[in-house]
Amino acid sequence: LAIRVASDTSMETLPSELIESICNDSNRLGLMALRLVSRRVSSLATRSFSKRYIATVSSSMTRPSLDRLVAVCEHPLFGPRIQKIHIVAGRINPEFVEYLTYTTKDQTEDRELALEQHADAKVVLQCAFNRSMKESRMETSGKATDLLSRAFAAVKIYNTPVTLQVTSNPWADWEPVRHLDWHRDDTSGFNLKPALEFTIQPCLDAMANSKMHFTGLNLLVNDDMDTLDELVVFESFDLEGYFEEDLSVFSGLKSVAFEAPEMLNPVALDSMTRIFSLAKSAETISFAQDNLFEKVCGDRYRCFWPERLDISDKILRSIQSDCITALEFKAMPISKTLLSGLLNKHKNTLESVVMWKIGLREGSWIEVLSWMKHNLPCLKKIYLRDLFQALRLRNSTLYTTHDPEICGTISSVIGKKKVQAAFQTMIERPLLDSKV
């Protein structure tokens with residue numbers, strides 16, 4: 001809604017209810033213009049802006065971005081409206097420059113390539129590298145932790161439910177979201193993937209320092225890189241030095257989500273299992289192992305990371321909550337014994353189950369689905385897709401899967417009756433898509 005104001009006086013004569021209605025009908029740019037009219041109108045426009053555009057704020061590890069995050073969190077109107085804080089913790093590692101040089105060598109020798117394109121690419125890469133170095137210095141110096149601690153401490157005062165999401169991807173996948181630095185950063189507009197270095201230690205340290213009890217913790221690593229394994233770096237996050245008081249910040253988590261990268265190290269795995277075990281009040285649990293099963297040919301998949309098969313087992317064993325209502329597992333192998341035990345433990349509370357590209361060991365999916373159909377009375381939402389049977393190859397540590405044992409549902413199935421009908425379809429016709 002475009003706003004045209006004849007004069008400050010004419011706007012001032014309007015009742016507050018009408019000004020508030022105008023603000024609610026205005027877009028973001030309109031609200032920014034209204035804040036310049038007068039102190040009274042600015043207050044109403046700011047309140048409307050905070051309700052609609054400050055629910056999620058996204059920040060990188062740069063000093064300007066973290067300064068703005070602190071300012072937003074400490075703002076008396078913006079701070080209480082924050083529901084999710086998104087921290088971008090992925091960046092380009094110095095080794096990536098060497099990798100790019102190696103992979104683009106043949107292209108740079110091609111004289112017919114446009115010099116202008118090479119120059120643009122060089123500028124973007126240099127900007128990204130400079131930014132990565134600044135972020136790295138912020139973390140190693142402790143300044144990133146200090147600023148995050150200030151931001152978290154400010155949000156804590158409002159006693160509102162807030163989720164902390166840490167990702168390697170610079171773009172949040174929800175709307176509306178306020179990115180606090182993209183419009184000012186030299187790399188604005190470029191999705192700098194893959195980010196080869198990822199660390200969340202400053203975020204966890206800031207939680208401990210501020211004693212901020214987030215209601216949700218999502219640690220997501222979107223590792224889409226097809227490159228040499230030794231170049232993929234996953235900086236460990238370590239809870240070993242935390243005191244009991246520091247670890248208590250995880251006890252109030254209502255939701256925990258973790259996407260394990262391919263190069264997850266043992267220290268990070270131990271720390272993550274500790275977080276799952278401390279979240280005794282968690283209602284939503286989500287875990288994924290990124291691209292564990294790779295397509296070989298046709299519908300045949302094979303596990304290329306056999307040493308990671310125990311990761312899911314350790315995660316599932318660490319879950320200590322007694323009140324889980326939603327489970328989500330993606331792209332991972334899973335033991336039938338552990339899965340059945342988890343489902344049975346929460347059979348009277350589970351309302352939602354999502355499983356996609358799961359390789360079941362030690363059993364059949366038909367048995368699992370039949371049990372779910374008859375023993376989960378509260379279940380009212382499912383999304384089950386590409387459920388495989390994982391078979392160990394003879395005289396090998398590799399697992400293989402062929403056609404899915406269960407094709408599953410095309411999309412989410414919502415409603416108890418529809419869920420029961422979908423189960424029946426999958427049990428009777430497992431290789432057909434359920435359209436219920």
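How many disulfides does the structure hold? In this predicted model, the structure holds zero disulfides. Two cysteines can nevertheless be placed with respect to the surface: C73 is buried, its relative accessible area being 0%, and C203 is likewise assigned to the buried class, with a relative accessible area of 1%.

Charged side-chain contacts, by contrast with disulfides, are present, and a search of the whole structure returns ten salt bridges. Among them is the contact between R63 and D67, whose closest N and O atoms lie 3.2 Å apart. Both residues belong to helix α5, which runs over residues 63-74, and because they are four residues apart in that helix, about one helical turn separates R63 from D67. Neither partner falls in the buried class: R63 counts as partly exposed at 39% relative accessibility, and D67 counts as partly exposed at 33%.

Helix α5 also contributes to a contact with another part of the chain. The side chain of E74 meets that of R150 in a salt bridge, with an N to O distance of 3.2 Å. This pair links distant parts of the chain, since E74 lies in helix α5 whereas R150 lies in helix α9 (residues 143-158), 76 residues apart. The relative accessibility of R150 is 44%, so that R150 counts as partly exposed, and E74, with a relative accessible area of 38%, is partly exposed as well.

A further salt bridge is formed by the side chains of K336 and E367, at 3.1 Å from N to O. Here too the pair links distant parts of the chain, with K336 placed in helix α14 (residues 336-345) and E367 in helix α15 (residues 365-375), 31 residues apart. For E367 the relative accessibility is 47%, and this residue therefore counts as partly exposed. In addition, R385, D386 and D433 are joined into one network by salt bridges that share partners.

Helix α4, which comprises residues 39-53, was examined for its span and for its buried positions. At 1.5 Å a residue, the 15 residues of this helix should span 21 Å, and the C-alpha atoms at its ends are 20 Å apart, so that the expected and computed values agree. The buried residues of α4 are V41, S42, L44, A45, T46, S48, F49, S50 and Y53; each of these residues accordingly has a relative accessible area under 20%.

How values were computed: Residues numbered from 1 in each chain as written. Predicted model: local features only at pLDDT ≥ 70, side-chain atom pairs only at ≥ 80, totals over all residues. Heavy atoms only, no water. Salt bridge = Lys/Arg side-chain N within 4 Å of Asp/Glu carboxyl O. Helix = DSSP H or I, 4+ residues; strand = E, 2+ residues; numbered from the N terminus. Buried < 20%, exposed > 50% of the residue type's maximum accessible area, 1.4 Å probe, protein only. Expected span 1.5 Å × (residues − 1). Disulfide = S-S within 2.5 Å.
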